[in-house]
Amino acid sequence: MLNVLVINGPNLNMLGKRPKEHYGSLTLDEINNLMIARANNNLKLDFYQSNYEGDIVTKIQEAVLGKYDSIIINPGAYTHTSVAIHDALEMFNGEKIEVHLSKVDEREGFRKINFVRDVCTKTFSGKLEGSYLDAIDYLNNI
Ligand code: DQA
């Protein structure tokens, strides 16, 4: 059994109300349910969403201290600003999968700055909810 922590950062609790051309029309609960449906019996998913940087850091520290085997994280806007989330992820030794709904590397210049990519083991982006499902498929197959 692989214990997987799924973290969503700021404004991702508002999916469904955000610009559909970047983020699609599903709510976060709907995406989480798709992930559960896609996960094989070997994955146990634990979902966490916060709009607060420090709370996300504290949650990642739980994983560092042994509560989880793998992390799937969409840090939202903190992707582009957070040294603290970078430093927390750096300590975690399991699979760390960065996920984005939008084509984050092809948007505004400020979104090209990315503080988490170099400490993650894998990235899936630009496929809306499919990016999260790609992360599940990846973990299903390791
Ligand atoms: C996002 C991309 C970020 O630039 C943005 O701030 C988000 C969502 C995505 O999933 O595409 O909130 O991480």
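In the predicted model, strand β3 (residues 70–74) pairs with strand β4 in the parallel sense, over 4 bridges. Within this pairing, Ile73 stands opposite Glu98 of β4. The connection between the two strands passes through helix α4 (residues 83–91), and the resulting β-α-β crossover is right-handed.

Strand β4 also pairs with strand β5 (residues 122–125), to which it is joined by 4 bridges; these two strands likewise run parallel. Here the bridge partner of Ile97 is Lys122 in β5. Strand β4 spans residues 95–100, and because 5 of its 6 residues are buried, the strand is largely enclosed by the rest of the structure.

Beyond the strands, helix α5 comprises residues 129–140 and includes Asp134. The relative accessible area of Asp134 is 18%. Since the cut-off for burial is under 20%, this residue is classed as buried. When residues up to four places away in sequence are not counted, Asp134 touches Phe124 and Lys127. Of these contacts, Phe124 falls within the range of strand β5, residues 122–125.

The model was also examined for pockets. The largest pocket has a volume of about 170 Å³. It is lined by 16 residues, of which Arg18, Tyr23, Gly76, Ala77 and Arg111 are the closest to its centre. Classified by residue type, the lining of this pocket consists of 6 nonpolar, 7 polar and 3 charged residues.

How values were computed. Residues numbered from 1 in each chain as written. Predicted model: local features only at pLDDT ≥ 70, side-chain atom pairs only at ≥ 80, totals over all residues. Heavy atoms only, no water. Buried < 20%, exposed > 50% of the residue type's maximum accessible area, 1.4 Å probe, protein only. Pairing = 2+ DSSP bridges. Right-handed = clockwise from strand over helix to strand, strands pointing away. 1 Å grid on protein atoms, 1.4 Å probe; cavity = no way out; pocket = protein on both sides within 12 Å on 5 of 7 lines; lining within 4 Å. Points joined across faces, edges and corners; volume = space filled by probe spheres on them. Nonpolar A, V, L, I, M, F, W, Y, C, P; charged D, E, K, R; others polar. Contact = heavy atoms within 4.5 Å.
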